[in-house]
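Hi,

Here is the structure I said I would pass on. Have a look at it first, and then read my notes below.

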Amino acid sequence: QVQLVESGGGLVQPGGSLRLSCAASGTIYSRNLMGWFRQAPGKQRELVALMFSGGNTDYANSVKGRFIISRDSAKNTLTLQMNSLTPEDTAVYFCNVKTWTVINTLQDYWGQGTQVTVSS
């Protein structure tokens, strides 16, 4: 089992920055994929950023050049630095961990979400 706890959401003005953190506890196997998703009111949950276990990253086109995903493996913490925020970034942000066991079984975990509101 893996528990994920997000923090760092809040209200920010357009053009501002926020830093989200996701603290993971439990067993995350060496083959894993960690990421951030978001869900705005009335919309489907969408991918924001991914970090592969090898260190590669991937971003949604809408956040490329503005958001940075990073990971502290020693602390099992995933971070999303969000810059140049716009009202379109307003959503609940979720941390996600996918990990494959030694027998290749996928385990998929979600945090409870943290609200990000961009408004003047």
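By contact I mean heavy atoms within 4.5 Å. Keep in mind that this is a predicted model.

With that cut-off, start at Met82. Leaving out residues up to four places away in sequence, Met82 touches Gly16, Ser17, Leu18, Leu20, Arg66, Phe67, Tyr93 and Val116. Met82 also turns up in the largest nonpolar core, a set of 30 residues. Along with Trp36, Leu80 and Tyr93, Met82 is among those with the most contacts inside that core. Plenty of strands feed into it: S1 (2-7), S3 (18-26), S4 (32-39), S5 (46-52), S7 (67-72), S8 (77-82), S9 (91-100) and S11 (114-118) each give two or more residues.

Now for the charges. How many salt bridges does the structure hold? There are four, and Arg38 is a good place to begin. Its side chain meets that of Glu46 in a salt bridge, 2.7 Å from N to O. Arg38 also forms one with Asp89, where the closest N and O atoms are 2.9 Å apart. That second pair links distant parts of the chain, since Arg38 sits in strand S4 and Asp89 in the loop between S8 and S9, 51 residues apart.

Are these partners buried or exposed? Arg38 has 5% relative accessibility, so it counts as buried, and Asp89 is buried too, with a relative accessible area of 1%; the cut-off for buried is under 20%. Glu46, at 37%, counts as partly exposed. Together with Arg66, these three residues are linked in a network of salt bridges: Arg38, Glu46, Arg66 and Asp89. Arg66 is also one of the residues that Met82 touches.

Elsewhere, the side chains of Asp108 and Lys98 meet in a salt bridge at 3.6 Å, N to O. This pair links distant parts of the chain as well, with Asp108 in strand S10 (residues 106-110) and Lys98 in strand S9, ten residues apart. Asp108 is partly exposed, at 38% relative accessibility.

Last, two backbone spots to look at. Asn76, in the loop between S7 and S8, has a positive phi of about 50° although it is not a glycine. Ser84 is another non-glycine residue with a positive phi, near 50°. You will find Ser84 in the loop between S8 and S9, and at 41% relative accessibility it counts as partly exposed.

Cheers

Methods:
Residues are numbered from 1 along each chain as its sequence is written. This is a predicted model: local features need pLDDT of at least 70, side-chain atom pairs count only at pLDDT 80 or more; totals for chains, interfaces and linings use all residues. Side-chain values use heavy atoms; hydrogens and water are left out. A nonpolar core is a set of buried Ala, Val, Leu, Ile, Met, Phe, Trp, Tyr and Cys residues joined through side-chain atoms within 4.5 Å. Buried means under 20% relative accessible area, exposed over 50%, partly exposed in between (1.4 Å probe, protein chains only). Helices (H or I, at least four residues) and strands (E, at least two) are DSSP runs, numbered from the N terminus.
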